[in-house]
Amino acid sequence: QEQLVESGGGLVQAGGSLRLSCAASKGIVSINLMGWYRQAPGKQRELVATITSGGNTDYADTVKGRFTISRDSAENTVYLQMNSLKAEDTAVYYCTVEAGGSGTYYDYWGQGTQVTVSS
């Protein structure tokens, strides 16, 4: 069964940094898009950042200039470098991958990793 495995979450003080990683199993091929979402308690899941197979990136306004998404295509891995963390960044972060083509697409989700920023 194909899966995404996330790591790197934890507890950090405001102003600190964390780096999240998400490794997609090798069976997930033809990846078009990799990204990160987050969900804070009592709130809807929201997009944080995405990166296409061509390396184009997109960020939520709330994280622009602080977060950087990158990928290692050879390793099927996506990263999220989070700097200048704020208390409002506290959430469960989910990795997502869209793969496929020719009209057939698949979405994969990780299990989530907790990020807690103390103020």
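Exposed means over 50% relative accessible area, buried means under 20%, and partly exposed lies in between. The model discussed here is predicted.

**Salt bridges**

The structure holds five salt bridges. Three of them are set out below, with the distance between the closest N and O atoms.

| Acidic residue | Basic residue | Closest N and O atoms |
|---|---|---|
| Aspartate 61 | Lysine 64 | 3.2 Å |
| Glutamate 75 | Lysine 26 | 3.7 Å |
| Aspartate 89 | Arginine 38 | 3.0 Å |

**Aspartate 61 and lysine 64**

Aspartate 61 has a relative accessibility of 64%, so it counts as exposed. Its partner, lysine 64, counts as partly exposed at 48%.

**Glutamate 75 and lysine 26**

Glutamate 75 pairs with lysine 26. Glutamate 75 sits in the loop between strand E7 (67-72) and strand E8 (77-82), and lysine 26 sits in the loop between strand E3 (18-24) and strand E4 (31-39), so the bridge ties together parts 49 residues apart in sequence. Glutamate 75 is partly exposed, at 45% relative accessible area. Lysine 26 is exposed, at 54%.

**Arginine 38 and aspartate 89**

Arginine 38 bridges to aspartate 89. Arginine 38 belongs to strand E4, whereas aspartate 89 lies in the loop between E8 and strand E9 (91-101), so this pair links parts 51 residues apart in sequence. Is arginine 38 buried or exposed? Arginine 38 is buried, with 6% relative accessibility. Aspartate 89 is buried too, at 1%.

**Network**

Which residues are joined into one network by salt bridges that share partners? They are Arg38, Glu46, Arg66 and Asp89.

Note on methods. Residues numbered from 1 in each chain as written. Predicted model: local features only at pLDDT ≥ 70, side-chain atom pairs only at ≥ 80, totals over all residues. Heavy atoms only, no water. Salt bridge = Lys/Arg side-chain N within 4 Å of Asp/Glu carboxyl O. Helix = DSSP H or I, 4+ residues; strand = E, 2+ residues; numbered from the N terminus. Buried < 20%, exposed > 50% of the residue type's maximum accessible area, 1.4 Å probe, protein only.
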